[in-house]
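Please examine the sequence and the three-dimensional structure shown below. The explanation that follows leads through each chain and then through the contact between them.

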Amino acid sequence: MTERADAATVEKASRPAPRPLGTGYRAPWSDRIAEAVIRGLALVSVLSIALIFVFIAKEAIPLFFEPEAQQEFGGLAALFSPRTWPGYDASVFIWQPVGGTPKMNLVPLFVGTLKITVLGMLFSVPLAVLAAIFVSQYATRRAREVLKPALELMASIPSVVLGFFALMVLASLMQDTLGLPSRLNALVAAVGLAIAIAPVVFTVSEDALSSVPRELAAAALALGARKHQVVLRIVLPAALPGIAAGAILGFGRAIGETMIVLMASGNAAVVELFDPTSSARTVTATIASELGEVTPGDAHWRVLFLLGSLLFVVTFVLNRLAVWVVEALQRRWTAGASR
Amino acid sequence: MMRGASRTDWVLFALSGSAVALMLLTLVGILVPVFVEGLPRIDLVFLTAQPSADLVGGGIWPAIFGTTLLTLLMTLAVVPAGVATAIYLTEYAPRRSRLATVVRAAVHNLAGVPSIVFGLFGLGFFVLFVGRGLDALLYDPADGPVWGQPAVLWSSLTLAVLTLPVVIVTTEEALRAVPHDLRLASYGLGATRWQTIAQVVLPNARAGILTGVVLAVSRGAGEVAPIIFTGAANFLPYLPTDLRDMYMHLGYHVFALSTQSPNVDLARPTLFATVAVLLTLTFSLNLVAVVLRARTRSRAHAR
């Protein structure tokens, strides 16, 4: 640093090179120690994300190399293909990892996760986007200052409380009103999940809608457009990438949500994609309910960590996707000549 | 509504308005039953006594104590790392720094990792790798695990990693809100970079940093999935006195009462009361954060 500064001074004696503020001298020890410590601590988050991946994958990978594990669960293909288990007539997908013959097909868990997540999204995204339209386009400033924190307060409800609510209140209510065959099922879990992700989608969508440049709406109104035309044809399309990012974040949150589905879905590993009233077992609930009872290092333990690795990878990709969508949005607005 | 509104205008207004109403109604629908059924069970004994062995009778003091201890330890771990990262990003990182880009991406991804994955990580890394590693180094394996088992220390470190993005993002926002003129004035008086950060920037961002800490505590206090395998206990007749002890936890208590109790109807009042205590805790923490944030924002505007 000092050498380069000296060289610059020699070259342009009349106009010294600009240096970062507060660095135009040999820094005292306290400054150098502080900077080193801060730089070191800034790496903690990078280190954490790397360690999370390494230590979860580390437990799963031997599954594919250890001969005993191979023998016990039958290889990678066995996790995804149906099999005629002893005592069964046809070949079926079964998740029943404990017992005489451990049966480990991941397909029932994927079906359960997908079913609850998609239902939860169907309930929450339209609701959250509509609410965001109201708060950003119709509410007065004073109403907005009350509504936004109130709806965001919903996001702070711990998921175990939503699980409790789905289990103790919603389940009976829905069984009574809809006449469902069982109290706990995919539908109840999906409604609980929707309560958890709606505030997330709302917050991101509302931010996207409010940050659409006012000039656009003003120009449309000046041309004689009606309010609904401005909202639906100008503001909403302009904010669509932001809303999409919110939905992607909500989807990631939904796939990874544990306590609500663990408590309210009934947890039977059923392969039934289109019946929302049947019980369902998700990837997350499987990890949460089974990890405590397995011996570290055996095949079941490793399969649970494999599920964890898959969750990590899927949410990682969804997160990058959301960032990419938001950046595309920003480029679109900063590329305009007027801004 | 505006003049000349057509029918479509009204439909959109009514539809979006009812979406807001439905969300608010859901919030009320959660709060009302919890407090109506829960409050009658809450008294001084409930807050200060031990639970009975079936979890139904007695109080929830060990769960309150455990949650407090857990979040306190978590705060001690997460605040230095989180605040330092935010200082690095706003004060030290050069523009278009590649390291800063990587750190930001890591923070962003960390925020999206599912909580159950943190549970796997806490067990695989803290309990089995660090804990068992310490045991292998310091103790005779015949004595059994000392550090290498679920404990309040490992739970709190797991939660510290989980809440790191909350602290970093809020602190960064607070540091950016400190006017650049203040830094210039400090440098103009001959202060060094660290003196400027420690004596000008940080004191001015205090409320914002506190907001981040409060939000992290609120988030950490409510998470259950990461602590199931790293230290939370179903029932413990004593309070944790050591970093290596297990502990009871309000959120875990809610989970245990609602899924593992032999007689659900008998457990119901205690369950609702525990949820009421947990919700009161998280909501009041969030309320503090909202107030702090509003105050920082109005101060920033006043300048």
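In this predicted model, 44% of the 339 residues of chain A count as buried. The secondary structure of chain A comprises 14 helices and two strands. Among its contacts between residues at least 6 apart in sequence, 73% join residues at least 24 apart.

Helix H6 of chain A covers residues 107–138. This helix is mostly covered, with 24 of its 32 residues buried. Its length can be checked against the expected rise: at 1.5 Å a residue, the 32 residues should span 46 Å, and the end C-alpha atoms are 45 Å apart, which agrees.

Attention now turns to the nonpolar interior. In soluble globular proteins, nonpolar side chains tend to be buried together. The largest nonpolar core here has 188 residues, and those with the most contacts inside it are A:Ala131, A:Ala166 and A:Ala189. Helix H9 of chain A (residues 186–210) gives the most to this core, with 18 residues. The surroundings of A:Ala166 illustrate how such a residue is placed. Leaving aside its neighbours within four places in sequence, A:Ala166 is in contact with A:Ala171, A:Val188, A:Ala189, A:Val191, A:Gly192, A:Ile260, A:Met263 and A:Ala264. One of these partners, A:Ala189, is itself among the residues with the most contacts inside the core.

Further along chain A, helix H13 (residues 283–290) is also mostly covered, since six of its eight residues are buried. The buried residues are A:Val283, A:Thr284, A:Ala285, A:Thr286, A:Ile287 and A:Ala288. A:Ser289 lies in this helix as well. Is A:Ser289 buried or partly exposed? Because A:Ser289 has 15 C-beta neighbours inside 10 Å, it counts as partly exposed; a residue needs 20 or more to be buried. Beyond its neighbours within four places in sequence, A:Ser289 is in contact with A:Leu262 and A:Asn267. By contrast with these contacts, the C-alpha atoms of A:Ser289 and A:Pro181, 108 residues apart along the chain, are separated by 24 Å.

The contact partner A:Asn267 deserves separate mention. A:Asn267 is located in the loop between helix H12 (259–264) and H13 of chain A. With 21 C-beta neighbours inside 10 Å, A:Asn267 counts as buried. Most residues other than glycine have a negative phi. A:Asn267, although not a glycine, has a positive phi of about 65°.

Chain B has 303 residues, of which 50% count as buried. It contains eleven helices and zero strands. The C-alpha trace of chain B spans about 70 × 65 × 35 Å along its principal axes. For contacts in chain B with a separation of 6 or more, residues 24 or more positions apart account for 75%.

The loop between H3 and H4 of chain B holds B:Arg96. This residue has a positive phi of about 55° although it is not a glycine. Is B:Arg96 buried or exposed? With 7 C-beta neighbours inside 10 Å, B:Arg96 counts as exposed. Helix H4 of chain B follows, at residues 98–112. Its 15 residues should span 21 Å at 1.5 Å a residue, and the end C-alpha atoms are 22 Å apart, which agrees. The buried residues of H4(B) are B:Val103, B:Arg104, B:Ala106, B:Val107, B:Asn109, B:Leu110 and B:Gly112.

The remaining topic is how the two chains meet. In this contact, 72 residues of chain B touch 72 residues of chain A. On the side of chain B that touches chain A, the largest share, 16 residues, comes from helix H1 (residues 7–38) of chain B. The residues of that side divide into 49 nonpolar, 20 polar and three charged.

One pair of helices shows the contact in detail. Helix H2 of chain A (residues 29–42) and helix H3 of chain B (residues 61–92) pack at an angle of about 110°, with their axes 8 Å apart. That angle makes H2(A) roughly perpendicular to H3(B). From H2(A), the residues A:Glu35, A:Val37, A:Ile38, A:Arg39, A:Leu41 and A:Ala42 meet B:Pro80, B:Ala81, B:Ala84, B:Thr85, B:Ile87, B:Tyr88 and B:Tyr92 in H3(B). By class, this contact of H2(A) with H3(B) has ten nonpolar, one polar and two charged residues.

How values were computed: Residues are numbered from 1 along each chain as its sequence is written. Chains are lettered from A and ligands numbered from 1 in the order in which they are written. This is a predicted model: local features need pLDDT of at least 70, side-chain atom pairs count only at pLDDT 80 or more; totals for chains, interfaces and linings use all residues. Axes are lines fitted to C-alpha atoms, for helices over the stretch in contact, and angles run from 0 to 180 degrees between N-to-C directions. Helices (H or I, at least four residues) and strands (E, at least two) are DSSP runs, numbered from the N terminus. Angles under 35 degrees count as roughly parallel, over 145 as roughly antiparallel, 65 to 115 as roughly perpendicular and the rest as oblique. Two residues are in contact if their C-beta atoms, placed from the backbone, lie within 7 Å. Ala, Val, Leu, Ile, Met, Phe, Trp, Tyr, Cys and Pro count as nonpolar, Asp, Glu, Lys and Arg as charged, and the others, Gly among them, as polar. A residue is buried if 20 or more other C-beta atoms lie within 10 Å of its own, exposed if 12 or fewer, and partly exposed in between; C-beta atoms are placed from the backbone. The expected span of a helix is 1.5 Å times one less than its number of residues. A nonpolar core is a set of buried Ala, Val, Leu, Ile, Met, Phe, Trp, Tyr and Cys residues joined through C-beta atoms within 7 Å.
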